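Q: Please take a close look at one part of this structure, and explain it in plain terms to someone who has not seen it before. Set it among its surroundings where that helps.

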Amino acid sequence: MTFLVYNLSCLLSSKTLRNYYKYYNYTCNRSYYNVLFFGSDSIALKSLQKVNEYRKKGDRINRLDFVTSNNSKNKTAIELYAQSEEIKTLSWPNLNIRKGEYDLGLIVAFGHLIKDDVLRNFPLGMINIHPSLLPRWRGAAPIIYTLLHGEEETGVSLMKIKPDIFDVGEIISQVRVPVSTEIKLPELTEQLSDIGADMLVECLKTLPTSLENARPQSNEGVTYAKKISKSISEVRWKEMTAKEVYNLYRAVYGLYPLSTKFRDKNMKLFKAFLLKTEEVDTSQEVGAIQYCSKTNAVRILCKDRRYIYFKSLRIVGKREISALDFYNGYIKNVSLDKRKLFLCCWNVSSE
């Protein structure tokens, strides 16, 4: 009796497996697909727009719906776009979708871990755009860490989603992108978003082959771009070279201004730049702050005894002012001997 029951369970399991592959092959051989798009911000908007344009121009995407995790009454830009295009919107995490209702899930800048019970609803799986050359810079802030480390190359990875873990899925395609030494976070984000959106559409055009040719990620060169906080903007003058400070400025531009302390006051620094022919200054202490009339900027000495320059500044609680106004208000009327005591430091409060 036990022997018969055991074999019956094997037959049922095999039958279930055959039904799964039957449905999978049916889905792969179809001429159209139903797609559910997951996205939450302006980066995702660009991809949703391009996928929707592709849907309207061809006959490969039969149905395109959208998932948002925004719980606010105020609609985001991507939600307003979906509404204007009459794209059905579902709310995360209460999707209430049937298994096989959608063939494929697309995830762009969504920020939520995908559980196995969600992934199982998509016969072709789910795919994600990640703005780095995986396995480098897995995690929440890959573009920020690319700029922070002064890297000369980055890219975009299109990958399959694995349940319950971020950024480890098989690579569908990758595009390498050179990084300009002057580019800042908003511009690089926009550039990579454009590239990622095009890669996503190209993947849809070549279904199911694009998914079948995916390859595992390498176990070598793995790095992590953990979520950042406001404290990242605090400049550690005695620990950072001028180039490192400038890379920090590029990496958090548009998120946080660089922060320091000047005469026990919290200060924000804006419009940073470096001089290509900067000389080493061994006469001043690291953190020394001066006004440079030649560049019409305030300059601060860094660990490598080179300066980084700022066109404007703001003492917290006051308005942003030009470097010249800062000089006139805080430095000009101080004797030369005392000016040498003007040093910037860190351990800035969260104000």
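A: The helices and strands named here are DSSP runs, numbered from the N terminus; a helix (H or I) has at least four residues and a strand (E) at least two. The model is a predicted one.

The part chosen for the close look is helix α2, which covers residues 42-57. One partner of α2 is helix α3, residues 77-84. The two helices pack at an angle of about 20 degrees, and their axes lie 9 Å apart. That angle makes α2 roughly parallel to α3. The crossing in which α2 passes α3 is right-handed. On the α2 side the contact is made by A44, L45, L48, Q49 and N52, and these meet A77, I78 and Y81 of α3. Sorted by class, this contact of α2 with α3 has 6 nonpolar and 2 polar residues, and no charged residues.

A second partner of α2 is helix α6, which runs over residues 185-205. Here the packing angle is about 30 degrees, and the axes are 9 Å apart. Angles under 35 degrees count as roughly parallel, so α2 is roughly parallel to α6. The crossing of α2 and α6 is right-handed. From α2, the residues I43, K46, S47, K50, V51 and Y54 take part in the contact. From α6, the list includes T189, E190, S193, D194 and G196, and further along A197, D198, L200, V201, L204 and K205. By class, the contact of α2 with α6 has 7 nonpolar, 4 polar and 6 charged residues.

Helix α2 also has a place in the lining of the largest pocket, to which it supplies at least two residues. The pocket has a volume of about 1100 Å³. Its lining is made of 41 residues, and D41, A109, A140, A141 and P142 are those nearest its centre. Besides α2, at least two lining residues each come from β4 (104-108), β5 (126-130), α5 (142-148), β7 (153-160) and α6. The largest share, 5 residues, is that of α6. By class, the lining of the largest pocket has 26 nonpolar, 10 polar and 5 charged residues.

Some of the strands that supply the lining also border loops with backbone features worth pointing out. Most residues other than glycine have a negative phi, and most peptide bonds are trans. D164 is not a glycine, yet has a positive phi of about 70 degrees. D164 sits in the loop between β7 and β8 (171-178). A cis peptide bond, with omega about 15 degrees, joins L134 and P135. P135 belongs to the loop between β5 and β6 (138-139). Another cis peptide bond joins W92 and P93, with omega about 5 degrees. P93 is found in the loop between β3 (89-91) and β4.

One residue from later in the chain can be added. Q290 is in strand β12, residues 289-292. Leaving aside neighbours within four places in sequence, Q290 is in contact with Q284, A297, V298, R299 and Y307. Q290 and A323 are 33 residues apart in sequence, and their C-alpha atoms are 9.7 Å apart in space.

Definitions and conventions:
Residues numbered from 1 in each chain as written. Predicted model: local features only at pLDDT ≥ 70, side-chain atom pairs only at ≥ 80, totals over all residues. Heavy atoms only, no water. Axes fitted to C-alpha atoms, helices over the stretch in contact; angles between N-to-C directions. Parallel < 35°, antiparallel > 145°, perpendicular 65-115°, else oblique. Left-handed = near helix turned anticlockwise from the far one by under 90°. Contact = heavy atoms within 4.5 Å. Nonpolar A, V, L, I, M, F, W, Y, C, P; charged D, E, K, R; others polar. 1 Å grid on protein atoms, 1.4 Å probe; cavity = no way out; pocket = protein on both sides within 12 Å on 5 of 7 lines; lining within 4 Å. Points joined across faces, edges and corners; volume = space filled by probe spheres on them.
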